[in-house]
Amino acid sequence: MKLTTLSSGLRVASRQMPGIETAAVGLYAETGSRYEAAPLNGIAHLFEHMVFKGAGGRSARDISEAIEDVGGDLNASTDRETTNFTASVMAEHIPLGVEMIADLVQRPHFNAGELEREKDVVLQELGEARDTPNDIIFDDLQSAAFAEQALGRSVLGTEESIEAIQVDDLEAWRSSHYRAGSLTLVAAGKVDHDRLVDLAEKHFADLTAGSSDTPDPARFTGGDRVGRTSSDQAHLALGFGAPGQTHEDYYAARLFSDAVGGGMSSRLFQQLREERGLAYSVYSMLQPWADTGLFSIYAATARRQSAAAAQLIEEILADAAETITERELQRVRTQARAGLLMSLESPWGQAHYVARQIQTYGRLVEPAEVIADVDKVDLDRIRAAGRAMLSGPRARATIGFPAVRAA
């Protein structure tokens, strides 16, 4: 891996992969819904949509045709802490990918009429999410876990906040959140680092220097959210405060989550589904952010079995924090190593990995270092991490049965 920081503050990183004829190119911005003020909730996501309506010298149709004419793909995504703009191309078309991404973030065509049409699209996306219980329940859980905070708000926003956003707001968002010091250009695959640096200097010359403001620290509050969405099943999500990505206990907490509900051999899957038949879908996961994390458990069950399922989940969690075995630890360690190494076998996996490491640690962290940190987790540490998460306040979201029945 190679990393160069331009005089503007833009970081340029690459990972060459021998035997690959393609490349993944992405601009990763340290901004997302966590950076939004409440009245403009959803602007990070709407901005990501709007730049594809025309940028630089290209219309929306021109953008689509230019990338697809060379067999490539251009896309973007927004989450709570990051927004990324990405291109998959044959290696010889890396210059086009960089040029198009640069146009999207520096020279978008923000038109009031297009904005109103795209608002309708985002509102349809929001409506679709609300019609999907096993999707919207995680927004409900997030709002319970981090009540009245930006981290607790939906990435998509609300009907009221989306309607309030105007062209001037998008322009202000771009100028304040797409500054050179908060951006990383990454390419992986068949890529020459020096050539990538030259392209970055050429196409990102208009970036404003400096960095985005740091979001407010998050505070896990806990609480209940009872969804009123019609559902044939009962849906339950539990959440607990967890270590952030850079915390010394992060990997221990992540391995605890994996042992509890990370796969078909996990305790939740085996006991809740295989032995008792109480749920078709059940799992746990740990979502890390810069300064905090969320350990969550999700289950979908028949309404008549919801109380029994909720009670068994509580028992499994409490027992796991005291009795996780060496065999379970070895299994989830091996799964973590395999998952990391398998994800790095594609240009996209490499590009995302490099960007994540730079944004989290400010440097290139080799996979071997991550594996070494995972290997350091012993039985005492994984159990202690589980006890620490479960001993704090909890968040709970339900759809299909009263919250009190999930206790």
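At what angle do helix H2 (residues 60-68) and helix H3 (residues 94-106) pack, and how many Å apart are their axes? The tour of this predicted model begins there.

**First stop: H2 and H3**

Select residues 60-68 and 94-106. Helices H2 and H3 pack at an angle of about 160°, and their axes lie 11 Å apart. Since angles over 145 degrees count as roughly antiparallel, H2 is therefore roughly antiparallel to H3. The crossing of the two helices is left-handed. To see the contact itself, display the side chains of Ile63, Ala66 and Ile67 on H2, together with Leu96, Met100 and Leu104 on H3. Classified by type, this contact of H2 with H3 comprises six nonpolar residues, with no polar and no charged ones.

**Second stop: H1**

Select residues 43-50, which form helix H1. Eight of its eight residues are buried, so H1 is largely enclosed by the rest of the structure. Among these buried residues are His45, Glu48 and His49, alongside Ile43, Leu46 and Phe47. To view the surroundings, add the elements against which the buried residues of H1 pack: strand S4 (54-55), strand S6 (73-78), strand S7 (83-90), H4 and helix H7 (167-177).

**Third stop: Glu118**

Continue to helix H4, residues 112-130, and pick out Glu118 within it. Is Glu118 buried or exposed? Its relative accessible area is 6%; because buried means under 20%, Glu118 is buried. Apart from neighbours within four places in sequence, Glu118 is in contact with Leu46, His49, Met50 and Lys53. Of these, Leu46, His49 and Met50 are among the buried residues of H1.

**Fourth stop: the five-stranded sheet**

Next, display the open sheet of five strands, whose order is S9-S13-S10-S12-S11 and whose pairing is mixed. Strand S9 (223-227) and strand S11 (281-288) stand at the edges; each has a single partner strand, so one side of each is left without a neighbour in the sheet. From one strand to the next, the twist averages 15°.

Within the sheet, select strand S10 (residues 234-242) and strand S12 (residues 293-301). These two strands run antiparallel and are joined by nine bridges. For a point of reference, label Ala242, which stands opposite Gly293 in S12.

**Final stop: the helices across the sheet**

Add helix H9 (residues 250-261), which lies across S11 and S12 and runs at about 175° to S11. Then add helix H10 (residues 267-275); H10 also lies across S11 and S12, running at about 155° to S11.

Technical notes. Residues numbered from 1 in each chain as written. Predicted model: local features only at pLDDT ≥ 70, side-chain atom pairs only at ≥ 80, totals over all residues. Heavy atoms only, no water. Pairing = 2+ DSSP bridges. Helix = DSSP H or I, 4+ residues; strand = E, 2+ residues; numbered from the N terminus. Axes fitted to C-alpha atoms, helices over the stretch in contact; angles between N-to-C directions. Contact = heavy atoms within 4.5 Å. Parallel < 35°, antiparallel > 145°, perpendicular 65-115°, else oblique. Left-handed = near helix turned anticlockwise from the far one by under 90°. Nonpolar A, V, L, I, M, F, W, Y, C, P; charged D, E, K, R; others polar. Buried < 20%, exposed > 50% of the residue type's maximum accessible area, 1.4 Å probe, protein only.
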